[in-house]
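Let's take a friendly walk through this structure, one piece at a time. Keep the picture in view as you read.

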Amino acid sequence: LIKRAAPRVPVMIGDQPDRDIRLAKLAGMKAVLVPGRFRPAWSSTADAAMADVIVESYVQAIEWAVSNG
């Protein structure tokens, strides 16, 4: 995905900090967290802190991605 998006940086929009945000950041992508109600016990606040931004809705996430992606 990173190669296909070049020269732009792809943006991951997700609701699971451990599966969406952390992995996207480790791959070199930007990441937008849309917190959901599901909060598993294994989820770490450190994973959520890796997000470039935390928003309240997917609409806000898309708007951020369009402006910053």
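Which parts of the structure do the buried residues of α2 pack against? They pack against β1, β2 and α3 (45–49). Keep in mind that what you are looking at is a predicted model. The buried residues of α2 are Pro17, Asp18, Asp20, Ile21 and Ala24. The helix itself covers residues 17–26 and lies across β1 and β2, running at about 160 degrees to β2. Just after α2 comes Gly28, whose phi is positive, near 95 degrees.

Let's look at some of these residues in turn. Asp18 has its place in helix α2. Is Asp18 buried or exposed? Its relative accessibility is 8%, so Asp18 counts as buried, because the cut-off for buried is under 20%. Apart from neighbours within four places in sequence, Asp18 is in contact with Leu23, Trp42 and Asp47.

That last partner, Asp47, lies in helix α3. Asp47 has a relative accessible area of 9% and is buried. Not counting residues up to four places away in sequence, Asp47 touches Pro17, Asp18, Ile21 and Arg22. Find these residues in the picture, and you can see contacts between α2 and α3 residue by residue.

Another residue of helix α2 is Ala24. With a relative accessible area of 5%, Ala24 is buried. Setting aside neighbours within four places in sequence, Ala24 is in contact with Met12, Met29, Lys30 and Ala31. You can also use Ala24 to get a sense of scale: its C-alpha atom and that of Ala46 are separated by 14 Å, and the two residues are 22 residues apart along the chain.

Now for the sheet. How many strands does the open sheet have, and in what order? There are 3 strands, in the order β1-β2-β3, with parallel pairing. β1 and β3 (53–54) stand at the edges and have a single partner strand each, so one side of each is left without a neighbour in the sheet.

The pairings can be followed one by one. β1 and β2 pair in the parallel sense over 4 bridges. As an example, the bridge partner of Gly14 is Leu33 in β2. On the other side, strand β2 (residues 30–33) is joined to β3 by 2 bridges, and these strands also run parallel. Here Val32 stands opposite Val53 in β3.

How does the chain get from one strand to the next? β1, α2 and β2 make a right-handed β-α-β unit. Before β1 (11–14), a loop connects from α1 (2–5), and Pro7 lies in that loop. There is a detail to spot here: the peptide bond from Ala6 to Pro7 is cis, with omega near 10 degrees.

Next, turn to helix α4 (residues 58–68). This helix lies across β1, β2 and β3, and runs at about 170 degrees to β1. In α4, the residues Ala61, Trp64 and Ala65 are buried. They cover an arc of only 100 degrees around the axis, which puts them on the same side of α4. What covers these buried residues includes β1, β2 and β3. The face turned away from the buried side carries the exposed residues Val59, Val66 and Ser67. So α4 has a buried side and an exposed face, which you can tell apart by their residues.

Finally, let's see how buried residues gather. In soluble globular proteins, nonpolar side chains tend to be buried together. Which residues make up the largest nonpolar core here? The core has 7 residues in all: Ile21, Ala24, Met29, Ala31, Leu33, Ala48 and Ala51. α2 and β2 each supply at least two residues of this core. A second, separate core of 6 residues includes Val34, Val53, Ala61 and Trp64.

One member of the largest core, Ile21, shows how many parts of the chain can come together. Leaving aside neighbours within four places in sequence, Ile21 is in contact with Gly14, Gln16, Ala31, Val32, Leu33, Asp47, Met50 and Ala51.

Notes: Residues numbered from 1 in each chain as written. Predicted model: local features only at pLDDT ≥ 70, side-chain atom pairs only at ≥ 80, totals over all residues. Heavy atoms only, no water. Pairing = 2+ DSSP bridges. Contact = heavy atoms within 4.5 Å. Axes fitted to C-alpha atoms, helices over the stretch in contact; angles between N-to-C directions. Buried < 20%, exposed > 50% of the residue type's maximum accessible area, 1.4 Å probe, protein only. Arc of directions from axis to C-beta. Right-handed = clockwise from strand over helix to strand, strands pointing away. Core = buried A, V, L, I, M, F, W, Y, C linked by side-chain atoms within 4.5 Å.
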